Amino acid sequence: MRSHKENYAVKRSLGTKFRRDWDLYLLLLPGVLWFLAFAYKPMLGLVTAFYDYNTFKGLAGSTFVGLDNFREYVSGPDFLRTVKNTIMLALWQMAICFPIPIILAIAITEMKNKGISKLTQTATFLPHFISTVVVCSIVINFLSPSTGIFNIIRKQLGLDPIYFMVKPEFFRPIYTIMTLWQNAGFDAIVYIAALMGIDMQLYEAAIVDGAGKWKRILHITVPGILPTVVTMFILKVGKMVKVGYEAIILLYQPSTYPVADVISTYSYRIGMENGNFGMATAAGIFEAVIALVMVLSANVISRRVTENSLW
Amino acid sequence: MKKNKIRKTKEDYIVDIIVYAIAILVAVSILLPFMQVITISMSPASVVNRNGFHLIPHEFDFSGYSKIMSDDNFWHSYLNTIIRAVVGTFLSVSVTILTAYPLSKTKLPHRKGIMLFIVFTMYFSGGMIPTYLLIKNLGLLNNFLVYLLPCLVTGFALIITRNFFMTIPEALEESAKMDGASNFTVLLKIYLPLATPVVATIALWYCVQHWNSWMDNMLYVSDQHLYVLQYLLQTILNSGQTPDMEQAVGIVVHTETMKMAALVLSLIPIVCLYPFLQKYFIKGMIVGSVKG
């Protein structure tokens with residue numbers, strides 16, 4: 001990272017260095033121990049997927065069943081449904097929750113009135129800090145058949161109210177828009193930071209050349225933030241597959257299971273409610289594999305299309 | 001750009017209109033849901049049960065607030081969350097700083113390896129079930145420590161802290177070392193006072209996470225005395241789906257106004273913190289991501 005004058009010092013033996021900096025390692029100790037205990041230990045726990053887990057005897061008293069849990073999950077009736085729902089929700093989010101923060105960031109930086117620009121940013125930033133419980137409750141309230149605004153408008157137009165939360169066809173849009181509402185402002189920050197980094201001289205030169213606002217956005221702003229966009233895209237893809245089961249558990253109902261039940265909510269029900277830990281872990285591993293595949297394909301696609309990629 | 005008084009083309013006006021339309025749309029979409037919640041929370045039940053717009057209250061009735069505020073369980077969980085947020089934030093910030101400091105030293109051997117060890121956990125984790133089994137085996141079920149330990153450090157906070165430490169000139173450290181200061185003294189006396197912006201950022205980050213978390217309560221704690229606010233709120237908001245049965249077994253029935261009052265009360269600390277969140281967060285995110 002930084003060039004160092006003390007390159008000579010680096011060549012000293014490891015023992016000497018350790019004696020000199022033993023207290024640095026001491027500071028590191030609590031953190032490293034925590035990572036071992038609470039981040040790496042559960043990874044070892046993934047072997048549960050290969051056992052018929054016995055709740056009373058623990059892993060040592062359980063029988064090894066090889067790939068049986070995976071086989072049972074894949075051949076079961078819920079497999080296709082949960083995989084499809086996981087991928088569909090990820091695609092919905094990629095189509096809507098990914099591009100809109102970019103547009104929002106460009107809009108915020110384009111506002112000449114700094115007060116309005118600041119106010120917009122403040123407003124969009126707020127929902128990110130509100131808990132999932134509250135956000136889901138606000139959504140349910142907003143769409144309620146009796147007090148929700150949409151249904152009140154429908155009633156005044158003489159239409160019948162719709163109970164949005166129990167209709168399967170509305171679940172994906174509702175979930176996607178909720179995620180957007182909660183995170184758009186926060187996700188926009190990264191792009192706003194990238195936009196600030198664009199050389200102002202480029203814009204000045206473009207104005208001299210007679211380029212209008214739209215042309216400037218298209219030919220300077222967009223190419224300027226493209227590397228950030230690509231990086232964020234690849235990072236987000238994996239998260240979109242994994243994220244959100246907290247919200248889904250709060251929003252879904254048996255009538256919307258056919259579209260809302262994703263791998264993680266299924267794993268939660270099978271494991272925590274039915275006590276089948278082995279199969280729940282197997283489903284979790286499946287989800288991680290899907291996330292990995294999607295991240296790797298996003299990387300390949302973005303390398304082909306934009307010549308930018310993470311790896 | 002501002003100084004150039006160049007005649008606007010039609011295209012420029014269209015862009016301006018779109019930009020401000022977005023601003024208005026954003027403002028409306030953020031404000032409406034909150035207005036509805038606040039209005040319901042302070043309207044009499046008769047108005048709420050009548051169909052119609054509930055955006056601006058025209059009749060005030062704070063009985064929802066007084067009812068929820070006289071509920072001991074509500075205050076108990078509020079207190080649990082406050083304790084959790086204060087103690088948890090202190091512990092998390094301490095461990096994060098202690099870990100980030102050595103990792104900001106380029107002279108530290110194996111630094112890259114340790115960083116990889118940490119970054120790896122940001123992408124891979126054991127997942128819900130293995131974590132649950134670990135917590136169970138450690139005997140942390142129904143234990144207050146379950147709110148503090150499993151979420152002690154996040155890789156993201158650690159990395160932005162380390163990146164900030166790396167921007168502090170090393171000359172400061174060297175001169176203190178000449179005077180015989182230990183690494184810990186250097187961290188405490190020199191680095192920490194300079195790092196207030198990033199410490200504020202991660203402290204707010206951890207604090208909000210503690211305030212909003214409820215999943216750990218649902219998964220690991222069944223003892224009602226240990227309930228945290230968000231989980232209790234969830235049970236309050238969910239109640240009333242089967243009011244007849246609940247009344248029969250003597251559970252308090254939460255009316256719509258009570259639910260919304262509880263929701264508003266849970267938001268107050270976040271709203272109070274918000275100006276600071278705004279001030280430090282954007283800065284912290286930018287500082288942290290520059291050297292990612």
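User: I'd like to begin with one residue: is R71(A) buried or exposed?

Analyst: R71(A) counts as exposed because its relative accessible area is 53%, and the cut-off for that word is over 50%. Keep in mind as we go that this is a predicted model.

User: Thanks! Which residue does R71(A) form a salt bridge with?

Analyst: Here is the general idea: side chains of opposite charge can pair when their charged atoms come close. In this structure, R71(A) pairs with D68(A), and their closest N and O atoms are 3.0 Å apart. Both residues belong to helix α4 of chain A, where they sit three residues apart, about one turn of the helix. D68(A), the partner, is partly exposed, with a relative accessibility of 37%.

User: How many salt bridges does the structure hold over all chains?

Analyst: There are 11 over all chains. Let's look at another one in chain A, between D78(A) and R81(A), where the closest N and O atoms are 3.5 Å apart. These two lie in helix α5 (residues 78-96) of chain A, again with a spacing of three residues, about one turn of the helix. D78(A) has 22% relative accessibility and is partly exposed, and R81(A), at 25%, is partly exposed too.

User: Which residues are linked with D78(A) and R81(A) in a network of salt bridges?

Analyst: D261(A) and R269(A) join them in that network.

User: And in chain B, which residue forms a salt bridge with E173(B)?

Analyst: K177(B) does, with 2.9 Å between the closest N and O atoms. They are four residues apart in helix α8 (residues 170-178) of chain B, which is about one turn of the helix. Compare the surroundings of the two ends: E173(B) is buried, at 3% relative accessibility, whereas K177(B) is partly exposed, at 28%.

User: Now for nonpolar residues. Which ones touch the most other members of the largest nonpolar core?

Analyst: As a general idea, in soluble globular proteins nonpolar side chains tend to be buried together. The largest core here has 178 residues, and F171(A), F74(B) and F165(B) touch the most other members. The element that gives the most to this core is helix α10 (residues 168-196) of chain A, with 14 residues. From chain B, domain 1 and domain 2 each supply at least three residues to the core.

User: Which residues is F165(B) in contact with, leaving aside its neighbours within four places in sequence?

Analyst: Its partners are I97(B), A100(B), Y101(B), S104(B), L187(B), Y191(B) and A195(B).

User: How should I read the meeting of the two chains, and how many residues does each give to the contact?

Analyst: Chain A gives 95 residues and chain B gives 97 residues. About 8600 Å² is buried between them, and carbon and sulfur atoms give 73% of that area. The polar side of the picture includes 17 residue pairs in polar contact, and there are two salt bridges across the interface. One salt bridge joins D16(B) to K213(A), with a distance of 2.5 Å from N to O. On the side of chain A that touches chain B, helix α3 (residues 22-44) of chain A supplies the largest share, 18 residues.

User: Where does S131(A) lie?

Analyst: S131(A) is in the loop between α7 and α8 of chain A. It is buried because its relative accessibility is 2%, under the 20% cut-off. Leaving aside its neighbours within four places in sequence, S131(A) touches N212(B) and Q230(B).

User: And which residues is L46(A) in contact with, leaving aside its neighbours within four places in sequence?

Analyst: L46(A) has partners in both chains: T281(A) and I285(A), together with S125(B), G126(B) and P130(B). L46(A) sits in the loop between α3 and β1 of chain A and is partly exposed, at 23%.

User: Last topic: which domains is chain B divided into?

Analyst: Chain B has domain 1 (10-61) and domain 2 (65-290). In their contact, 10 residues of domain 1 meet eight residues of domain 2. Together the domains bury about 610 Å², with 82% of it on carbon and sulfur atoms. On the domain 1 side, V37(B), I40(B) and S41(B) lose the most area, together 65% of what that side buries. Between these domains there are zero salt bridges, and one residue pair is in polar contact.

Key:
Residues are numbered from 1 along each chain as its sequence is written. Chains are lettered from A and ligands numbered from 1 in the order in which they are written. This is a predicted model: local features need pLDDT of at least 70, side-chain atom pairs count only at pLDDT 80 or more; totals for chains, interfaces and linings use all residues. Side-chain values use heavy atoms; hydrogens and water are left out. A nonpolar core is a set of buried Ala, Val, Leu, Ile, Met, Phe, Trp, Tyr and Cys residues joined through side-chain atoms within 4.5 Å. Buried means under 20% relative accessible area, exposed over 50%, partly exposed in between (1.4 Å probe, protein chains only). Domain bounds come from an automatic or database domain assignment. Contact means heavy atoms within 4.5 Å. Buried area is the accessible area (1.4 Å probe) that two parts lose on being put together, summed over both. A salt bridge is a side-chain nitrogen of Lys or Arg within 4 Å of a carboxyl oxygen of Asp or Glu. A polar contact is a pair of N or O atoms within 3.5 Å; within protein, one must be able to donate a hydrogen and the other to accept it, and residues adjacent in sequence count only if both atoms are side-chain atoms.
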